[in-house]
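Colleague: I am new to this structure and would love a close look at one part of it. Could you walk me through a single strand and what surrounds it?

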Amino acid sequence: MESVSWQSAHYEEPYSSQRKAKLLAKLAKLGVLKLDRGAHILDTCCGRGDALDLLFKRGFKYIEGVDATPHPDWVTAPFKIHESDVRKIPFADNTFDYVINLHALHHLTDYQGVKKFLIECHRVLKPDGKLFIIDFPASPQIKLLFFLLRKRIFTITGGLKNFANILDEEWSYLSKYLQEWPAIHPLLQHQCPLDLEHSKQEFFLFYYILVKR
Ligand SMILES: C[S@@+](CC[C@H](N)C(=O)[O-])C[C@H]1O[C@@H](n2cnc3c(N)ncnc32)[C@H](O)[C@@H]1O
């Protein structure tokens with residue numbers, strides 16, 4: 001579960017709503033918006049439920065979330081969000097057509113955390129089911145940006161200041177994730193029980209689609 005100070009930084013407005021506004025384009029880039037409206041979809045590490053809300057408003061009927069940090073919005077959401085660790089997903093084998101994980105892989109801290117998560121995704125996905133992931137790679141530009149932001153050198157806008165505060169809150173595990181990226185990267189590409197279907201690395205984010213054969 002994330003700390004109260006992480007939650008204050010992550011859900012600070014207007015930055016939290018600004019991040020939510022960018023989510024739709026990211027889901028479209030992964031092809032999620034083209035999926036069958038009747039598919040069973042699980043959003044892992046779904047936070048407040050922002051991606052689920054966008055999917056619900058676009059007609060997806062069978063969507064659920066799971067996150068370790070409860071949020072008050074869960075109570076009124078028109079979909080169910082479960083409080084749980086995604087390294088042990090509280091669902092039976094072969095339950096979902098699709099699983100998504102957005103901006104959260106680094107919260108799983110290290111190689112072992114990511115591996116447990118991937119094994120769980122493989123277990124709860126139906127055959128031919130897919131896992132969609134977006135997060136940071138430990139690229140030179142990410143490491144430089146995070147260094148500058150944490151030194152408050154590049155914090156020229158409110159959004160960048162807010163992001164620097166989030167980085168500080170996450171640094172205890174984010175730093176380990178960045179260090180272990182050389183092991184995590186091949187895990188995503190060819191060492192996990194899921195097969196790689198698509199990967200794209202942009203300046204700050206990677207997009208992965210993994211499939212259960
Ligand atoms: C940066 S937020 C991302 C939220 C959402 N996916 C989004 O893109 O807006 C990361 C989320 O991962 C959750 N989280 C971290 N470790 C977790 C774990 N082991 N199991 C379940 N959720 C976890 C946190 O509680 C937090 O809500």
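Modeller: Happy to! Let's start with one pair of residues: Asn101 has Ile133 of E5 as its bridge partner. Please keep in mind that this is a predicted model.

That pair belongs to a longer match. Strand E4 (residues 96-102) and strand E5 (residues 125-135) run side by side in the parallel sense, joined over six bridges. To get from E4 to E5, the chain passes through H4, and this β-α-β crossover is right-handed.

Now stay with Ile133 and look towards E7, where Tyr208 stands opposite Ile133. Here E5 meets strand E7 (residues 206-211), and the two pair in the antiparallel sense, again over six bridges. Another pair to find along this match is Lys130 with its bridge partner in E7, Val211. As background, strands of a sheet pair through backbone hydrogen bonds, either parallel or antiparallel.

Zoom out a little and you will see E5 as part of an open sheet of seven strands, ordered E3-E2-E1-E4-E5-E7-E6, with mixed pairing. The edges are strand E3 (80-83) and strand E6 (195-201), each of which pairs on one side only. On average, neighbouring strands of this sheet are turned by 15 degrees against each other, ignoring direction.

Helices lie across the sheet too. Helix H2 (residues 15-30) lies across E4, E5 and E7, and runs at about 45 degrees to E7. Elsewhere, helix H3 (residues 50-57) lies across strand E1 (40-44), strand E2 (62-67), E3 and E4, running at about 175 degrees to E2.

Finally, let's return to the helix that the chain passes through between E4 and E5. The axis of helix H4 (residues 111-124) comes within 9 Å of the axis of helix H6 (residues 158-191), and the two cross at roughly 20 degrees. Because of that angle, H4 counts as roughly parallel to H6; the cut-off for this is under 35 degrees. The crossing of H4 and H6 is right-handed. On the H4 side, the contact is made by Tyr111, Val114, Lys115 and Leu118. On the H6 side, you can pick out Glu180, Ala183, Ile184, Leu187, Leu188 and Gln191. Sorted by class, the contact of H4 with H6 has seven nonpolar residues, one polar and two charged.

So that you can retrace the path: begin at Ile133, find Asn101 as its partner and Tyr208 opposite it in E7, then follow the chain from E4 through H4 to E5.

Methods. Residues are numbered from 1 along each chain as its sequence is written. This is a predicted model: local features need pLDDT of at least 70, side-chain atom pairs count only at pLDDT 80 or more; totals for chains, interfaces and linings use all residues. Side-chain values use heavy atoms; hydrogens and water are left out. Axes are lines fitted to C-alpha atoms, for helices over the stretch in contact, and angles run from 0 to 180 degrees between N-to-C directions. Helices (H or I, at least four residues) and strands (E, at least two) are DSSP runs, numbered from the N terminus. Angles under 35 degrees count as roughly parallel, over 145 as roughly antiparallel, 65 to 115 as roughly perpendicular and the rest as oblique. A crossing is left-handed if the near helix is turned anticlockwise from the far one by less than a right angle, and right-handed if clockwise. Contact means heavy atoms within 4.5 Å. Ala, Val, Leu, Ile, Met, Phe, Trp, Tyr, Cys and Pro count as nonpolar, Asp, Glu, Lys and Arg as charged, and the others, Gly among them, as polar. Two strands pair if DSSP finds at least two bridges between them. A crossover is right-handed if, with the strands pointing away from the viewer, the path from the first strand over the helix to the second runs clockwise.
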